[in-house]
Amino acid sequence: MTLDGEALEQLRKRVRAGGAEKYHAANAAKGKLFARERVALLVDEGSFVEDGLYANALAEGLPADGVVTGTATIDGRQVCLMANDSTVKAGSWGARTVEKIIRIIERAYDTGVPMVYLVDSAGARITDQVELFPGRRGAGKIFWNQVRASGSIPQVCALFGPSAAGGAYIPAFCDVVAMVEGNASMYLGSDRMVEMVTGEKTTLEAMGGARVHCAESGVGHFLCKSEAEALDVVKRYLSYLPANWSQQPPTAQAAEAPAKADLAALVPASERQAFDMRRYVKGLLDEESFFEIQALWAKELTIGFGRLNGEVVGVVGNNSMFKGGVLFVDSADKATRFVQLCDAFNVPLLFLSDVPGFMVGSAVEKQGIIRHGAKMITAISEATVPKICVVVRKAYGAGLYAMAGPGFEPDATIALPTAKIAVMGAEAAVNAVYANKIAAIEDEAERAAFVAARREEYERDIDVVRLASELVVDAIVEPHELRTELVRRFAAARGKQRHFSRRRHGVTPV
Ligand SMILES: CCC(=O)SCCNC(=O)CCNC(=O)[C@H](O)C(C)(C)COP(=O)(O)OP(=O)(O)OC[C@H]1O[C@@H](n2cnc3c(N)ncnc32)[C@H](O)[C@@H]1OP(=O)(O)O
């Protein structure tokens with residue numbers, strides 16, 4: 001078959017138009033953009049170079065086999081990308097779809113550039129399963145490639161529609177997932193399948209909608225109101241990360257801290273009074289630079305990227321506004337993954353501690369709080385990027401270890417003048433040691449005086465100057481001095497050569 005210029009142009013036009021008009025109309029009615037419009041909104045104008053446009057061009061109704069793949073630049077930096085076209089068999093994966101996705105991930109890995117996934121897919125194309133599912137270059141190879149690329153190149157997903165069954169693993173293997181509320185969903189079995197298998201009546205939204213995953217399961221990281229917002233999240237995420245693990249994160253112009261930030265005023269003296277760690281972080285970092293991740297999930301722990309004097313840092317802070325800042329199963333997992341992410345991409349870590357410890361009780365023991373806490377402490381131990389632990393108000397029990405306390409090779413442990421570091425809070429400690437004696441005192445006033453005296457002794461024992469004199473903390477710093485202290489200490493830590501252990505890898509408590 002010969003192809004003249006006009007015929008080629010006709011073919012291109014037909015393929016670029018995607019599936020039948022009725023599918024475009026159905027998507028538009030849901031407020032969804034066409035896959036190619038998403039790509040155009042994301043990348044620098046004119047930078048997209050497409051591969052495999054003619055995949056399955058000889059078949060009827062399968063333009064590009066339902067996926068757009070290629071390279072482009074975002075803010076001048078090279079990326080590889082894929083975008084499911086849900087107007088073609090609901091974005092399901094045929095054999096060519098799978099091959100195109102595998103090839104573009106391999107390209108991203110080989111060239112050391114980020115991989116962006118714009119997902120809107122029904123998962124495997126059930127009618128073509130033999131060609132796409134079980135073989136050496138079948139759908140499993142997509143995941144194998146994602147796992148190999150994890151921590152080598154940034155992988156980020158924006159989810160605009162369903163990601164069903166096998167399709168749900170593409171987001172799951174990414175560093176972060178932005179989900180558009182109302183349209184995005186992730187689930188292993190559709191609502192129809194769930195009812196068939198378990199009898200449960202549910203909906204895609206109730207079972208695997210954006211809010212469920214961003215606020216309850218933790219599989220989603222950013223709940224977005226619109227597709228444009230999800231694409232902005234992709235851009236912003238990439239702006240904090242290097243192209244790959246062997247490079248340093250991009251530096252921005254050095255900037256001032258927010259002019260009116262009074263860190264001292266943000267932290268109440270009484271431990272019983274909560275304060276919002278997110279405000280503290282925003283007051284400490286460069287203006288407008290804090291990019292919070294998983295803001296709706298496990299809120300007792302605040303994580304995100306930001307900049308200190310233009311340099312990227314990853315922040316892990318306890319937020320006493322939620323569950324008193326106590327570490328739970330989910331918050332331990334949240335920290336673990338973020339610490340691994342920062343460590344993979346050379347992002348220094350700043351820990352802001354105000355932690356009463358890990359949660360106790362039968363509910364969390366049954367959930368395996370011990371192994372989740374051990375997992376968090378493993379991640380902190382293994383991280384070899386610069387780490388600084390600031391005790392903003394308190395670090396009690398294993399919470400100190402989980403927040404990169406002195407035993408975990410931080411580049412520094414810094415205490416604010418009001419900081420307390422102890423095996424537990426004074427009230428709990430006095431009760432633990434003197435419970436029998438307290439119970440034996442009949443007179444109420446005498447009992448109160450005894451408890452107060454023991455408390456005072458305990459507080460004296462953990463006084464911050466005492467801790468500094470014992471070299472537990474490296475510095476006591478006033479809140480208004482903290483930012484400058486951190487900028488200098490991170491700069492000094494940058495050149496250090498580090499290697500954690502002689503081995504292939506550890507056996508992580510999971
Ligand atoms: C690795 C293992 C796997 O991934 S197994 C994959 C299992 N996947 C599923 O069970 C998802 C099945 N599909 C769905 O639930 C829906 O299509 C979802 C994704 C919710 C989209 O719904 P909606 O936008 O209303 O589209 P629709 O159902 O009308 O479908 C449009 C056309 O696409 C087709 N389609 C859909 N999914 C698949 C699929 N997985 N394999 C093959 N074809 C699929 C539908 O048959 C429909 O085609 P047509 O318009 O009737 O010609």
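How much accessible surface does the chain have, and what share of this surface belongs to carbon and sulfur atoms? The accessible surface comes to about 24000 Å², and 53% of this area belongs to carbon and sulfur atoms. Please keep in mind throughout that this is a predicted model.

**Figure 1. The whole chain, with its 21 helices and 16 strands.** Before the close-ups, here is the overall setting. Taken along the principal axes, the C-alpha atoms fill a box of roughly 100 × 55 × 45 Å. The radius of gyration is 26 Å, which agrees with the value near 24 Å for a compact globule of 510 residues. Of the 510 residues, 51% are buried. Among contacts with a separation of 6 or more, 72% are between residues 24 or more positions apart.

**Figure 2. Strand E5 (residues 155-164) and its parallel partners E4, E6 and E7.** Take a look at E5 itself to begin with: nine of its ten residues are buried, so the strand is mostly covered, given that buried means under 20% relative accessible area. Strand E4 (residues 115-121) pairs with E5 in the parallel sense over six bridges, and here valine 119 has leucine 159 of E5 as its bridge partner. Strand E6 (residues 176-180) also runs parallel to E5, with four bridges joining the two. In that pairing, cysteine 157 stands opposite valine 177, while valine 156 stands opposite valine 176. Three bridges join E5 to strand E7 (residues 185-187), again in parallel, and you can find alanine 164 opposite tyrosine 187 of E7.

**Figure 3. Strand E6, with five of its five residues buried.** In a regular strand the side chains alternate between the two faces of the sheet. Here, Val176, Ala178 and Val180 point one way from E6, whereas Val177 and Met179 point the other way. The residues of both sets are buried. Besides its pairing with E5, E6 pairs with strand E8 (residues 222-224) in the parallel sense over three bridges. To locate this pairing, follow valine 180 to its bridge partner in E8, cysteine 224.

**Figure 4. Helix H18 (residues 426-440) and its bend at tyrosine 434.** At 1.5 Å a residue, the 15 residues of H18 should span 21 Å. The end C-alpha atoms are 20 Å apart, which agrees. At tyrosine 434, H18 bends by about 80°. Which residues of H18 are buried? Ala426, Ala429, Val430 and Ile438 are. An α-helix has 3.6 residues a turn, so residues three or four places apart point the same way. Helix H19 (444-461) is included in what covers the buried residues of H18.

**Figure 5. Alanine 90 and asparagine 309, two loop residues with positive phi.** Neither is a glycine, and phi is near 55° for alanine 90 and near 55° for asparagine 309. Where do they lie? Alanine 90 is in the loop between strand E3 (77-84) and helix H4 (95-111). Asparagine 309 is in the loop between strand E10 (301-308) and strand E11 (311-318). Alanine 90 has a relative accessibility of 40% and therefore counts as partly exposed. Asparagine 309 has a relative accessible area of 33%, so this residue is partly exposed too.

Technical notes:
Residues are numbered from 1 along each chain as its sequence is written. This is a predicted model: local features need pLDDT of at least 70, side-chain atom pairs count only at pLDDT 80 or more; totals for chains, interfaces and linings use all residues. Side-chain values use heavy atoms; hydrogens and water are left out. The expected span of a helix is 1.5 Å times one less than its number of residues. The bend at a residue is the angle between axes fitted to the seven residues ending there and the seven starting there. Buried means under 20% relative accessible area, exposed over 50%, partly exposed in between (1.4 Å probe, protein chains only). Contact means heavy atoms within 4.5 Å. The radius of gyration is taken over C-alpha atoms; the globule rule is 2.2 Å times the number of residues to the power 0.38. Accessible areas come from the Shrake-Rupley method with a 1.4 Å probe; for residues, only the protein chains shown count as cover. Two strands pair if DSSP finds at least two bridges between them.
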